[in-house]
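When a residue or a pair of residues is given a label, it is fair to ask what the label rests on. Please look through the sequence and the model below before reading the questions.

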Amino acid sequence: MKFKLKERDKNIIVILIGVAIPLLVYLFVFTKWNEQTETLESENSVLSQEVAHLQELMNNKEFYIAETGRMNQEMEEIKAQFPSELHPEDEIYYAYNTETKYDVLASSINMPYAEMVSVAQPVSEMQAQPEVVEDGTESVEGEAVDVENESAQPAAPTAASTIVLYKAPITFDFTITYSAAKDWIREILEDKENKKSISSLNLSYEEQTGNIRGSMVVNMFSLTGTERTYDSPSIPGIGVGTDNLFKSSETLNVGRENNTFDANAEDTQPAEGEQAEGEDN
C-alpha cells in the first residue's frame, strides 16, 4: 500500500521546514555569535580602560620620573642620618661627650642592648599568608604553589627585608643647669648625622642650688643594609693598642747550638770582667 501525501500536508511540511531552519540558525549560530560579541565587548571595555590608564601614565611620564628622583634623593638623605652600626662603645662615648660638652653631672646611666624596631610596611609589600589545600600545595591569592619545590626558588630580597632599624635607649639620671639642658635637648633634636630621639624627659628645679635635676631616655638609632660604613669612636685620653705589650726583648734569648735550649740549665756564661775557662790571660 502506497502512502501518499495530500497536497495540503506537503504544504504544511514545507512550512514547518521553512520555520525550523531559521529557528535552528538562531539557536545554534546567532545565539553563540551574540555571546561571543558580548564577551568581546566586555574584554574590549577592560582593555580600553587599561589603554586609557597607560596613556595617562605616558602623558605624565616626566612628572613621575622627576618625582621618583626626588623621593630617592629624600630616602638617601634620611638614610645618611643613621649610622650603619651601633656598639656599646658608641653609647659610652656619647655619654662621655655629653658630660664633657654640656657639663652634665650624671649620677647613673643605664645602657641596655640595642633592639630591632618594627617598621610598618605598605600593603603592597606585605606577603600574603599561604593557605594549605588538600593536594599538598599552598594557595596564595588563588594561585597554587608547590610546597616541595618552593625552597628551590627563594623570593628576591626587597629593600624592606635588607634595611633594618635598631634602637638603643640610654637612661640618664643627671644634674644640669637650665641653659645647658636646653642646649643638650636642642642638639639631640637637630642632629642630622647620628639620629636620636627623646622618649621621656622629667625635670625638677632645686631651690637650694638653682640647678635642674632630671632623668631622660635618649634613643640612639642605627640603620643596617645601607652604603654607609661604620666609624668607630675615638675617645680622647684612652689609648688603644701598644707596640710592645709585655716589654719583651727584640730577639729570643735562647741557645743557638743544635737549636736547643735547657731552661733549667745553670748560666755558664762568664760574668762581666771575668775570662772563660781555658782562655789565656
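The questions that follow concern charged pairs, exposure and one backbone angle in this predicted model.

Q: What makes R70 and E67 a salt bridge?
A: The closest N and O atoms of R70 and E67 are 2.7 Å apart, and the definition asks for a side-chain nitrogen of Lys or Arg within 4 Å of a carboxyl oxygen of Asp or Glu, so the pair meets it. The structure holds 8 salt bridges.

Q: Where do R70 and E67 lie?
A: Both residues belong to helix α2, which covers residues 61-79, and they are 3 residues apart, about one turn of the helix.

Q: Why is R70 called partly exposed?
A: Its relative accessibility is 39%, and because the partly exposed class lies between under 20% (buried) and over 50% (exposed), R70 falls into it. E67, at 24% relative accessibility, also counts as partly exposed.

Q: What makes K167 and E115 a salt bridge?
A: Their closest N and O atoms are 3.6 Å apart, and since the cut-off is within 4 Å, the pair qualifies. K167 lies in strand β6 (residues 164-176) and E115 in strand β2 (residues 115-117), so this salt bridge ties together parts that are 52 residues apart in sequence.

Q: How do you know whether K167 and E115 are buried, exposed or partly exposed?
A: K167 has 23% relative accessibility and E115 has a relative accessible area of 39%; neither value is under 20% or over 50%, so both residues are partly exposed.

Q: Why do E206 and R213 count as a salt bridge?
A: The closest N and O atoms of E206 and R213 are 3.5 Å apart, which is within the 4 Å limit, and therefore the pair is counted. E206 is partly exposed at 23% relative accessibility, and R213 is partly exposed at 39%.

Q: Which residues are joined into one network by salt bridges that share partners?
A: They are E67, R70 and E74.

Q: What makes the phi of D103 worth a remark?
A: Most residues other than glycine have a negative phi. D103 is not a glycine, yet its phi is positive, at about 55°. D103 is placed in the loop between α3 (88-102) and β1 (105-110).

Q: Why is D103 called exposed?
A: The relative accessibility of D103 is 62%, and because exposed means over 50%, the label applies to D103.

Notes
Residues are numbered from 1 along each chain as its sequence is written. This is a predicted model: local features need pLDDT of at least 70, side-chain atom pairs count only at pLDDT 80 or more; totals for chains, interfaces and linings use all residues. Side-chain values use heavy atoms; hydrogens and water are left out. Helices (H or I, at least four residues) and strands (E, at least two) are DSSP runs, numbered from the N terminus. Buried means under 20% relative accessible area, exposed over 50%, partly exposed in between (1.4 Å probe, protein chains only).
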